[in-house]
Amino acid sequence: MTAPRLTIRRPDDWHLHLRDGGMLKGVIGDTARDFARAIIMPNLVPPVVTTTDAKAYRDRILAALKPGDRFEPLMTLYLTEGTNPDDVEEGKKSGLITAVKLYPAGATTNSHGGVRNIDNAMPVLERMAKIGLPLCVHGEVTTPEVDIFDREAVFIETVLDPLRKRLPELKVTMEHVTTKDGIDYIKGSKANLAGSITTHHLIINRNAILVGGIRPHYYCLPVAKRESHRLALRAAAVSGDARFFLGTDSAPHVDPLKECACGCAGIYTSINTMSCLAHVFEEDGALDKLEAFTSLNGPAWYGLAANEETITLEKNVEPVSFPAKIETEAGPVTVFDPMFPLHWDVVR
Ligand code: OTD
Ligand code: ZN
Ligand code: ZN
């Protein structure tokens with residue numbers, strides 16, 4: 001019997017952390033292997049705030065690719081209260097900038113320079129609405145009084161919905177949606193709102209982090225929620241609804257920075273994302289929707305053509321093995337373990 005195969009257009013990753021220096025060199029090959037393009041997050045230290053920064057970072061990414069790799073980084077700017085609307089417009093016009101990223105100050109890794117009061121960012125947001133440049137949002141409030149598991153729902157109510165009412169023409173990507181509240185909010189919107197979903201949030205709930213001991217390699221932000229939320233994410237991802245697409249949020253940190261008393265948030269999934277997703281979609285009887293989620297809905301939302309090239313996935317009888325860690329010049333990075341055997345793999 002021949003192994004089941006699935007050929008789909010080459011995927012893109014609409015939310016990716018590549019970092020810089022030795023880490024960049026160590027991880028970029030895993031993305032370039034399966035993905036044609038990715039939206040590159042700007043939360044470096046210091047962050048990518050101007051088009052000049054973005055151009056230099058793009059050059060470093062291209063320089064880190066191996067000869068023969070075909071991969072296009074889609075650059076973003078890190079929105080601050082001092083961002084210059086003219087610089088943003090210039091970035092879009094030159095084709096360099098695909099989106100601007102809103103980090104509420106303190107919401108995740110390297111977000112202390114983010115936005116404290118969205119009123120101060122209105123001139124940039126108005127310009128973006130005018131020129132059709134999408135805003136990618138990390139949708140969590142950071143108010144200390146708000147429970148960490150409620151931060152997404154409260155963000156929708158107190159920041160996102162008021163912003164969308166004030167500026168309905170602004171295209172907003174709610175990134176890494178982790179709650180049923182987020183899914184329902186996107187589904188209930190009429191226009192100009194879409195959501196990316198990560199690989200890991202389709203697979204783990206908060207038990208993965210906390211049951212039987214504290215497991216730092218499952219800790220990320222937004223933190224995984226209870227099972228009912230995971231199921232809502234799964235249903236949205238496998239539905240084929242054009243408003244939902246893959247953004248892995250693959251966010252590598254070296255092991256010593258995760259395995260300590262105050263470990264960093266982030267899960268590294270670039271290397272096995274397509275295998276994990278094929279498993280998830282097959283389990284939900286929706287392999288025919290995988291291509292929409294990984295390869296069609298994202299480009300349509302960002303106004304880009306889907307990739308012409310294809311990849312083929314094959315289901316092996318024996319489980320496929322991925323390394324438990326990858327070695328980078330910056331140090332070892334633990335690979336996401338979905339806690340079930342993976343049988344699907346991209347045919348290389
Ligand atoms: N979440 N880690 C990181 C970013 C994301 O919120 C995010 O986009 C990171 O390390 O940059 C994480 O857990
Ligand atoms: Zn985020
Ligand atoms: Zn991220």
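Start with the zinc ion called ligand 3: in this predicted model, three residues hold on to that ion, namely His15 and His17, each through its NE2 atom, and Asp249 through OD. The distances run from 1.9 to 2.0 Å. If you look for these residues along the chain, you'll find the spacing H-x1-H-x231-D. In other words, one residue sits between the two histidines, and then 231 residues go by before the aspartate turns up.

Now for the geometry. Counting every donor atom, there are 4 around the zinc ion (ligand 3), and the angles between them go from 93 to 124°. Why is this arrangement called tetrahedral? Four donors count as tetrahedral when all angles lie between 85 and 135 degrees, and because the angles here are 93 to 124°, the site of ligand 3 gets that label. For comparison, the ideal angle for four tetrahedral donors is 109.5 degrees.

Next, hop over to the other zinc ion, ligand 2, which is 4.0 Å from ligand 3. His138 coordinates ligand 2 through ND1 and His176 does so through NE2, at 2.0 to 2.1 Å. This site has 4 donor atoms as well, but their angles spread from 57 to 146°, and the site is irregular.

That leaves ligand 1. Where does ligand 1 sit? You'll find ligand 1 in the largest cavity. There are 15 residues around ligand 1, and Arg19, Asn43, Thr109, Leu221 and His253 are the closest. Sorted by class, that shell has 9 polar, 4 nonpolar and 2 charged residues.

Zoom in on a few polar atoms. Asn43 has a polar side-chain atom 2.8 Å from an oxygen of ligand 1. His17, which you've already met at the zinc ion (ligand 3), has a polar side-chain atom 3.3 Å from an oxygen of ligand 1. With Ala265 the backbone does the job: one of its polar backbone atoms is 2.9 Å from a nitrogen of ligand 1. As for cover, ligand 1 on its own has 320 Å² of accessible area, and the protein covers 100% of that.

How values were computed: Residues numbered from 1 in each chain as written. Chains lettered and ligands numbered in written order. Predicted model: local features only at pLDDT ≥ 70, side-chain atom pairs only at ≥ 80, totals over all residues. Heavy atoms only, no water. Near = heavy atom within 4 Å. Polar contact = N/O pair within 3.5 Å; in protein donor to acceptor, adjacent residues only side chain to side chain. Areas by Shrake-Rupley, 256 points an atom, 1.4 Å probe, with all protein chains shown as cover. 1 Å grid on protein atoms, 1.4 Å probe; cavity = no way out; pocket = protein on both sides within 12 Å on 5 of 7 lines; lining within 4 Å. Sits in = over half its atoms within 2 Å of the grid points. Nonpolar A, V, L, I, M, F, W, Y, C, P; charged D, E, K, R; others polar. Donors = N, O, S within 2.8 Å, 3.2 Å for Na, K, Ca; no water. Tetrahedral: all angles 85-135°; square planar, octahedral: opposite > 155°, others 65-115°.
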